[in-house]
Amino acid sequence: MAVIIKTPEEIAGMRIAGRLAAESLDYIGAFIKPGVTTGELDQLIHDYHINVQGGIPATLGYGNPPYPKSCCTSINHVICHGIPDDKPLKNGDILNIDVTIIKDGFHGDSSRMFAVGEISAQARRLINVTHECMMAGIGVVKPGATLGDVGYACQQIAENAGYSVVQEFCGHGVGRGFHEDPQVLHYGRRHTGLVLEPGMIFTVEPMINQGKRHLRILADGWTVVTKDHKLSAQWEHEVLVTETGHEILTISPATNQP
Ligand code: MF3
Ligand code: CO
Ligand code: CO
């Protein structure tokens with residue numbers, strides 16, 4: 001599959017989908033506290049995407065086995081693709097919520113970390129460094145840069161902080177398709193890999209582990225956990241390559257911050 005260069009019309013559609021994904025994450029933040037279940041958060045996201053935003057939750061029924069929920073909720077040692085359930089959140093948990101809305105055929109895919117009540121200093125540091133990784137990767141995006149540059153930038157930040165980068169899951173092209181080419185690795189070597197061109201849209205979504213990078217997939221076929229059961233964090237934005245640099249399509253309208 002080739003990398004799709006988006007037309008101005010497609011870029012306009014992706015800006016809208018990206019904004020809606022960000023708005024749904026802004027919306028859910030207020031509900032996150034000890035005692036709330038991830039299933040309840042999922043229902044809120046589901047209803048918001050459909051009834052308020054006029055879109056479709058892309059994860060529902062996606063893949064094989066069909067993913068059963070309308071977002072992913074990955075707690076503590078869960079790296080990604082945690083399935084919302086009826087377990088209540090606990091004080092001190094760290095939680096990634098990853099939403100993907102389809103609006104007028106275009107995918108808005110973004111995730112953020114949330115703290116449940118009071119979290120440890122170590123957990124806060126992991127969350128902050130992982131955000132720095134994502135922003136460092138996004139920061140090098142411009143025409144002529146390579147995907148190796150993006151991966152290298154993420155990896156440097158993570159490893160200098162004493163953390164490890166998950167290798168089995170990566171960012172991806174996104175548009176009318178949920179997961180398009182290219183694959184965007186969060187580690188790599190500078191000046192290698194795909195050369196970026198205006199009109200490309202892809203996600204940068206590093207998964208960073210407090211301990212070793214190795215993972216295990218649970219019997220549900222989706223939930224990805226750290227093998228050593230140490231914490232993992234992730235943030236995700238959609239990024240457009242522009243003529244002069246890049247534009248983040250999933251900035252929070254509430255805070256205007258990435
Ligand atoms: N939103 C995830 C991503 O960033 C994909 C989730 S697929 C699911 O690519 F089926 F697990 F929901
Ligand atoms: Co993604
Ligand atoms: Co996502």
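In this predicted model, a polar side-chain atom of Asp109 lies 3.2 Å from an oxygen atom of ligand 1. Two further polar contacts reach the ligand. An oxygen atom of ligand 1 is 3.1 Å from an N or O atom in the side chain of His172, and a nitrogen atom of ligand 1 is 3.4 Å from a polar side-chain atom of Thr100. Taken alone, ligand 1 exposes 340 Å², and the protein buries 98% of that. There are 14 residues around ligand 1, and those that come nearest are Thr59, His172, His179, Glu205 and Glu236.

Asp109 also takes part in binding metal. Two cobalt ions, ligand 2 and ligand 3, are 3.3 Å apart, and Asp109 coordinates both. It is useful to take the two ions in turn.

The protein donors of the cobalt ion (ligand 2) are Asp109 (OD), His172 (NE2), Glu205 (OE) and Glu236 (OE), at 2.0 to 2.3 Å from the ion. How are these donors spaced along the chain? They follow the pattern D-x62-H-x32-E-x30-E. The site therefore links distant parts of the chain: His172 is in strand E7 (residues 171–173), while Glu205, 33 residues apart from it, is in the loop between strand E9 (201–204) and strand E10 (207–209). Why is the arrangement around the cobalt ion (ligand 2) called irregular? Its six donor atoms subtend angles of 50 to 162°, and this makes the arrangement irregular. For six donors to count as octahedral, opposite donors must be over 155 degrees apart and all other angles must lie between 65 and 115. Two of the donor residues can also be described by their accessibility. His172 has a relative accessible area of 5% and is buried, and Glu205, at 7%, counts as buried too, because the cut-off for buried is under 20%.

The cobalt ion (ligand 3) is coordinated by Asp98 (OD), which is listed twice, by Asp109 (OD) and by Glu236 (OE), at 2.0 to 2.4 Å. The spacing of these donors along the chain is D-x10-D-x126-E. Asp98 belongs to strand E4 (residues 94–103), whereas Glu236 is in the loop between strand E13 (232–234) and strand E14 (237–241); the pair is 138 residues apart and links distant parts of the chain. Six donor atoms surround the cobalt ion (ligand 3), and their angles of 58 to 166° make this arrangement irregular as well. Asp98 is buried, with a relative accessible area of 10%. Glu236 is buried at 1%.

The loop that holds Glu236 leads into strand E14. Is E14 enclosed or open? Five of its five residues are buried, so E14 is largely enclosed by the rest of the structure. Both faces are covered: His237, Val239 and Val241 are buried on one side, and Glu238 and Leu240 are buried on the other.

Strand E14 pairs with other strands. E9 and E14 run antiparallel and are joined by four bridges; the bridge partner of Thr203 in E14 is Glu238. E14 also runs antiparallel to strand E15 (residues 246–248), to which three bridges join it. Here Leu240 has Glu247 in E15 as its bridge partner. Between E14 and E15 there are four residues, and the two strands form a hairpin.

Terms used:
Residues numbered from 1 in each chain as written. Chains lettered and ligands numbered in written order. Predicted model: local features only at pLDDT ≥ 70, side-chain atom pairs only at ≥ 80, totals over all residues. Heavy atoms only, no water. Donors = N, O, S within 2.8 Å, 3.2 Å for Na, K, Ca; no water. Tetrahedral: all angles 85-135°; square planar, octahedral: opposite > 155°, others 65-115°. Buried < 20%, exposed > 50% of the residue type's maximum accessible area, 1.4 Å probe, protein only. Near = heavy atom within 4 Å. Polar contact = N/O pair within 3.5 Å; in protein donor to acceptor, adjacent residues only side chain to side chain. Areas by Shrake-Rupley, 256 points an atom, 1.4 Å probe, with all protein chains shown as cover. Pairing = 2+ DSSP bridges.
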